[in-house]
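Reader: I have a structure open and would like to go through it piece by piece. Can we start with the ligand and then move on to the helices and sheets?

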Amino acid sequence: MESPSSTGPGPSIRVLIVGGNVGGLTTAIAFRRAGHEAFVFEARDEIAPEITGGTRLPPNITKVLYHWGYEARLREVALLSTAIDIRLLGTGERLGRHVWEDELIRDARGNFVFTHHGDFIHFLHDIANELGAKLRYGARVVEVDVEGKSVTLETGEVIKGDIIVGADGADGISRPLFDSEEDDEPLVNVYSTTIPEEVIRSDPVTAELYDTHQKGLNAAWFGDGVAALGWPLKRSEYALVVYGPPVGDTTGWTRQGGKEQMLQLLEQAEPRLRKLGEWARDPHIVTVNRCTPLDDWYHVDGPLALVGHAAQPIAAGSVQEAAIAFEDAVALGRIFSRLKRRDQIPIFLEAYEDVRRERDIKAYHKEVGDIEFQLLPDEYAEVRNSIMREKGKGGRNLFEVNVPTDNGVSDGWEEWKGMVDQFSYNAEDAADDWWHSQGKVMEASKGGAVDGPILQIVIAQNTKEN
Ligand SMILES: Cc1cc2nc3c(=O)[nH]c(=O)nc-3n(C[C@H](O)[C@H](O)[C@H](O)COP(=O)(O)OP(=O)(O)OC[C@H]3O[C@@H](n4cnc5c(N)ncnc54)[C@H](O)[C@@H]3O)c2cc1C
């Protein structure tokens, strides 16, 4: 295996990464793959919070991990998702199913998988560590000096770098350094929790549900103002996410203690879902706000860029929540794999913003739209339900779009149309497209050499696979 610290023909720069969750750890991996030094500073003492919920990883994440050689390793912590079943929350009526068809998955070149959030963070941590990233926990950053290119830790220690990446989420210290018109209109509360498999199996009412779901089914319950999602996990637990009206304080992922509120919401739910709620451990509560996208992700005063939720918060519990943070990091690292001179740094940071901003904003709107679709009030929901019921009876895929009905009206939904686009995106390809369409031209106009090999390091297939 080629040494991850070899740098090829260009300079190796030092990237300081604030935050060590999906965005921060993936940034470290992507920069190490590009031959740069990566330092992660995570405020939390531990690699992953001890108690978290489930995360769904769509093909736009898994294809990159597979390409990097980590498919077998991901399967150790993830279950393959085959389909999603839609039910009505109140009655439990099954409207139908959407199967992730072979063609969609083949085109996307990845799979849809379920994982436990903590397991995924450990997975990313271990890869970043093996690639030689310096990962520091209990290392809260209290100041980011954009012009001075340094971060200061709570202990007073100052670390200097060449670029700084703010991967510290929506509530961190990096996002407020950008001009933002924060618009904190709360949209929904999200309750995220897990239930031990053995408890679900021990009750005949839910045992059957679990057996079916173990085959890779994601369950969705749509209701008037309350909705839920469930999926099995590799570690013998079942993930449960409940959406309800926004109540209480606006919080990030650090607050637990919403069980009573969640159970009140589930009072109107079918018996199986009520049981799941009762058996669940105390959920995390996150309030999803409507948010006004930042104009810039790259700071005017110096080399600070934002990734993940620091750049664009994506609704908690949604399909693309982790994927967007992951993609940001992958694209940024890939762009920097072409670095040959330090004077390219500002151009590359600007390129990153160009490559990613529109996609993230689109994902934000789509995920909010999908949540609203699940929570439709009864007076509008009947149209949605009857179309789904009809498709379900006919054995058709529920999210199929642009299929004319007898009266000529399409029976698809705008909200779902972006799904194929989302799955087929490849963050590395998007970064390469920028280089071929603009980067090379800019370099040529400056008289730079453009045809040398990129700094991409060839990482051998992960050893567990070999
Ligand atoms: C504690 C926690 C639990 C979560 N559990 C789940 C879950 O069960 N299911 C799910 O789908 N998603 C979960 N998420 C959310 C998910 O990780 C993110 O929403 C998404 O993947 C985007 O990741 P991100 O790295 O951009 O931001 P975040 O996940 O928000 O990560 C930001 C990181 O920055 C750190 N940080 C913040 N400020 C500082 C600072 N000043 N100095 C150093 N570090 C700082 C935080 O501790 C955090 O680890 C959780 C997030 C957190 C923080």
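Author: This is a predicted model. In it, 31 residues surround the ligand, and the closest are Gly19, Asn21, Gly23, Gly169 and Gly308.

Reader: Which elements give two or more residues to that shell?

Author: They are helix 1 (22–33), strand 2 (37–42) and helix 10 (321–336).

Reader: And how do the residues of the shell divide into nonpolar, polar and charged?

Author: The shell around the ligand has 11 nonpolar residues, 15 polar ones and five charged ones.

Reader: Back to helix 1 and helix 10. At what angle do they pack?

Author: The angle between helix 1 and helix 10 is about 25 degrees, and their axes are 8 Å apart. Angles under 35 degrees count as roughly parallel, and helix 1 and helix 10 are therefore roughly parallel to each other. The crossing of helix 1 with helix 10 is right-handed.

Reader: Which residues make the contact?

Author: From helix 1 they include Val22, Gly23, Thr26 and Phe31, and from helix 10 they include Ala322, Phe326, Ala329 and Leu332. By class, this contact of helix 1 with helix 10 has 10 nonpolar, four polar and three charged residues.

Reader: What about helix 10 and helix 14, are they roughly parallel or oblique?

Author: The axes of helix 10 and helix 14 (residues 427–445) cross at roughly 40 degrees and come within 8 Å. Helix 10 and helix 14 are therefore oblique to each other. Their crossing is right-handed.

Reader: Which residues of helix 10 and helix 14 make that contact?

Author: Helix 10 contributes Glu327, Val330, Ala331, Arg334 and Ile335, while helix 14 contributes Ala427, Glu428, Ala430, Ala431, Asp432 and Trp434. The contact of helix 10 with helix 14 has seven nonpolar and four charged residues, and no polar ones.

Reader: New topic, sheets. What order do the strands have in the one with strand 7?

Author: That open sheet of three strands has the order 3-7-4, and the pairing is antiparallel. Strand 3 (54–57) and strand 4 (78–80) are at the edges with a single partner strand each, so one side of each has no neighbour in the sheet. On average, neighbouring strands of this sheet are turned by 25 degrees against each other, ignoring direction.

Reader: How many bridges are there between strand 4 and strand 7?

Author: Strand 4 and strand 7 (residues 113–116) pair over three bridges, in the antiparallel sense. Phe114 in strand 7 is the bridge partner of Leu79.

Reader: Which helix lies across strand 3 and strand 7?

Author: Helix 5 (residues 117–130) does, and helix 5 runs at about 90 degrees to strand 7.

Reader: And the sheet with strand 10, what is its order?

Author: The order is 9-10-11, again an open sheet of three strands with antiparallel pairing. Strand 9 and strand 11 (158–160) stand at its edges, and each has a single partner strand, so one side of each lacks a neighbour in the sheet. From one strand to the next, the twist averages 20 degrees.

Reader: How do strand 9 and strand 10 pair?

Author: Strand 9 (residues 141–145) and strand 10 (residues 150–153) pair in the antiparallel sense over four bridges. Thr152 in strand 10 is the bridge partner of Glu143.

Reader: Which residue in that hairpin takes a positive phi?

Author: Lys149 does, near 55 degrees, and the hairpin of strand 9 and strand 10 has four residues between the strands.

Reader: Last one. How many bridges link strand 10 and strand 11?

Author: Three, with antiparallel pairing. Val151 has Ile159 in strand 11 as its bridge partner.

Definitions and conventions:
Residues are numbered from 1 along each chain as its sequence is written. This is a predicted model: local features need pLDDT of at least 70, side-chain atom pairs count only at pLDDT 80 or more; totals for chains, interfaces and linings use all residues. A residue is near a molecule or strand if its C-beta atom, placed from the backbone, lies within 6 Å of it. Ala, Val, Leu, Ile, Met, Phe, Trp, Tyr, Cys and Pro count as nonpolar, Asp, Glu, Lys and Arg as charged, and the others, Gly among them, as polar. Two strands pair if DSSP finds at least two bridges between them. Axes are lines fitted to C-alpha atoms, for helices over the stretch in contact, and angles run from 0 to 180 degrees between N-to-C directions. Angles under 35 degrees count as roughly parallel, over 145 as roughly antiparallel, 65 to 115 as roughly perpendicular and the rest as oblique. A crossing is left-handed if the near helix is turned anticlockwise from the far one by less than a right angle, and right-handed if clockwise. Two residues are in contact if their C-beta atoms, placed from the backbone, lie within 7 Å.
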